[in-house]
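Work through the exercises below with the sequence and the model open beside you. Try each task on your own before you read its solution.

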Amino acid sequence: MGSNTASVAPLVTSAASVSPLFKDETFRVTDKARDYLLTEDGLAPDESIRLPKMLDGMSQFATYSAVWLVFTVAAPLYFLLGDPSGSMFGAPWWTLLVVGFAGLHLSSFGTFLWRGVLFVPPPYKKTRVFGDDNKGTEDNRVEHIVIITNGKAGPDGGKKKNVKFELCKKVWEDKKIKVTNIPTTHRGHAYEIARDYDLSDVDVMVGMGGDGTIHEILNGYMARADKSGARNGDGSCDGRGTRFGFIPGGSGNNVSRTLGTINVEKAARWCSGGSAKEDGGDCMNFDCIKVVSKGETICSINTCVFGLIGDIGIIAEELRWCGASRYENTAFIKLLAGYKQHIVITFEFEDGRVEVVDDHYLSCFLNCTQFFGKGHRVCPEAMLDNGTADFVGIKAGIATRGELLAALTQARTGAHLSNPKTQHIRGIRAAHFKFDCPGIFNLDGEAMRHDGEVFLKVFRGQCKVMADRGVLCGGDVASSK
């Protein structure tokens with residue numbers, strides 16, 4: 001376990017006694033899973049869950065804020081401007097101002113200013129994402145690349161997709177690599193291509209888009225059964241198989257950040273294979289997380305998020321007029337409203353131990369990658385190939401609003417791991433999340449339903465990705481050795 005680990009009480013000695021899913025070693029994705037909340041037609045109706053609202057829990061905070069404003073702003077201004085003598089009960093007018101500022105300092109807002117603005121801990125150190133035992137695949141030839149391009153991905157709505165594609169195409173054609181471009185036309189199209197395309201002569205399937213595009217491609221691939229060039233019917237991989245490459249073209253690009261670059265040309269060179277002298281990429285084994293919710297199985301390659309950040313994709317729709325800043329604005333408002341979620345989590349570790357955590361969280365993450373959102377390094381020690389995931393939880397209930405706001409601010413650089421309100425647990429092979437009622441969570445940037453339970457299990461080396469084996473992650477953007 002890592003730093004700031006909360007007490008985890010031993011629950012049982014066998015994973016199988018918690019859930020049969022802990023011992024289930026099969027991994028076949030449910031074809032066209034229906035747990036996604038956002039579809040091509042918009043928000044999917046579901047009467048079994050209550051979708052979170054922006055103003056939930058705001059009444060208590062509104063009362064607190066009104067009282068605070070009266071004593072720290074309104075009253076001082078009244079005595080200053082309304083009392084010609086400039087005094088308050090015989091005392092100078094500035095007395096109440098001093099009292100107000102003292103109250104501000106003693107409140108949690110002062111904690112946020114101190115830890116989240118003025119004295120933010122240094123960024124977390126750079127770490128490797130591939131282990132020394134991941135030698136990748138010796139056969140690194142690339143003769144044919146199929147690239148799936150998401151024309152609507154990115155903050156510019158895909159306006160630069162042609163520029164990015166032509167740059168990649170030039171890199172590949174200079175190496176005499178055949179290039180087949182398949183643009184997506186609708187939501188879920190990348191999934192369909194990865195599931196149905198004949199991969200018999202395809203060396204690398206490349207996704208150009210955001211994390212959502214990568215999520216679709218990997219789930220389509222994992223849903224294949226007995227397709228040539230792909231995986232076997234039992235879900236296992238053999239031979240060269242089909243390798244994957246990722247060209248950053250979205251808003252967050254968190255998988256690409258963890259892999260080592262958000263530079264399009266460099267990512268294209270990695271996808272082309274070849275030798276290190278050519279700055280080509282290695283074919284590296286890459287872990288995937290099996291996620292079971294409401295009886296359906298989905299593959300996660302990036303992040304599983306619960307709590308406020310898991311809900312935020314739905315809540316923020318009420319602030320769509322704010323543009324891209326609606327997510328940050330929503331997080332700030334809900335944090336002030338005292339958001340928290342009760343979760344009972346059962347962990348199975350790589351050494352076979354099974355332990356339980358019962359707590360309230362502002363938000364929590366279970367990742368194999370290091371980044372979330374727009375480059376927030378929430379799991380700065382996570383590795384892509386060690387067969388385990390990292391858990392990071394920002395605890396609520398015992399933390400003030402200022403402490404929580406500071407922790408969220410520190411998460412951009414990974415500095416939040418030094419925050420005492422952050423819970424960090426490593427070496428997780430599987431986890432079972434139990435909630436008080438049905439709700440939603442976030443999977444690789446996609447809003448998903450759950451019926452009160454979500455099961456997750458890490459499968460080692462489930463796919464092969466073209467990347468730099470010596471990559472180091474750290475800072476706002478990952479960099480290579």
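**Exercise 1: Three loop residues and their surroundings**

Pro 122 is found in the loop between helix H3 (108-118) and strand S6 (127-128), where helices (H or I, at least four residues) and strands (E, at least two) are DSSP runs, numbered from the N terminus. This is a predicted model, in which local features need pLDDT of at least 70 and side-chain atom pairs count only at pLDDT 80 or more, while totals for chains, interfaces and linings use all residues. Residues are numbered from 1 along each chain as its sequence is written, and side-chain values use heavy atoms, with hydrogens and water left out.

Task: decide whether Pro 122 is buried or exposed, and state what separation its C-alpha atom has from that of Ser 418.

Solution. Begin with the cut-offs: buried means under 20% relative accessible area, exposed over 50%, and partly exposed in between (1.4 Å probe, protein chains only). Pro 122 has 63% relative accessibility and therefore counts as exposed. Next, look along the chain and then through space: Pro 122 and Ser 418 are 296 residues apart along the chain, and their C-alpha atoms are separated by 9.6 Å.

Now repeat the steps for Ser 251, which has its place in the loop between S10 and H7. Its relative accessibility is 40%, so Ser 251 counts as partly exposed. From Ser 251 to Gly 373 the distance is 8.4 Å, C-alpha to C-alpha, although their positions lie 122 residues apart in sequence.

**Exercise 2: Positive phi outside glycine**

Task: for Lys 176 and Asp 444, find what value phi takes, and then decide whether each residue is buried or exposed.

Solution. Take Lys 176 to start with, which sits in the loop between helix H4 (161-173) and strand S8 (178-183). Its phi is near 65 degrees, a positive value in a residue other than glycine. Because its relative accessibility is 74%, Lys 176 counts as exposed.

Then turn to Asp 444, in the loop between strand S18 (439-443) and strand S19 (446-450). Asp 444 is not a glycine either, yet it has a positive phi of about 55 degrees. With a relative accessible area of 2%, Asp 444 is buried.

Strand S19 also holds Arg 449, which counts as buried because its relative accessibility is 6%. The C-alpha atoms of Arg 449 and Ser 293 are 7.5 Å apart in space, while the two residues are 156 residues apart in sequence.

**Exercise 3: Two packed helices**

Task: describe how helix H5 (residues 189-196) and helix H6 (residues 211-222) pack, and say at what angle.

Solution. Two packed helices are described by the angle between their axes and the distance between the axes. Axes are lines fitted to C-alpha atoms, for helices over the stretch in contact, and angles run from 0 to 180 degrees between N-to-C directions. For H5 and H6 the angle is about 30 degrees, and the axes are 7 Å apart. That makes H5 roughly parallel to H6, since angles under 35 degrees count as roughly parallel, over 145 as roughly antiparallel, 65 to 115 as roughly perpendicular and the rest as oblique.

To finish, list the residues that meet, where contact means heavy atoms within 4.5 Å. H5 brings His 189, Ala 190, Tyr 191, Ala 194 and Arg 195, and these meet Thr 213, Glu 216, Ile 217, Asn 219, Gly 220 and Tyr 221 in H6.

**Exercise 4: The nonpolar core and two covered helices**

Task: find how many residues the largest nonpolar core has, and which element supplies its largest share.

Solution. A nonpolar core is a set of buried Ala, Val, Leu, Ile, Met, Phe, Trp, Tyr and Cys residues joined through side-chain atoms within 4.5 Å. The largest one has 37 residues, and Phe 130, Ile 217, Leu 218, Phe 244, Phe 246 and Leu 259 are those with the most contacts inside it. Its largest share, five residues, comes from H6. Leaving aside neighbours within four places in sequence, Leu 218 is in contact with Phe 244, Phe 246, Ile 301 and Cys 463.

Lastly, compare two covered helices with the whole chain. Helix H9 (residues 308-315) has eight of its eight residues buried, and helix H11 (residues 401-410) has eight of its ten. Of the 481 residues of the chain, 54% count as buried.
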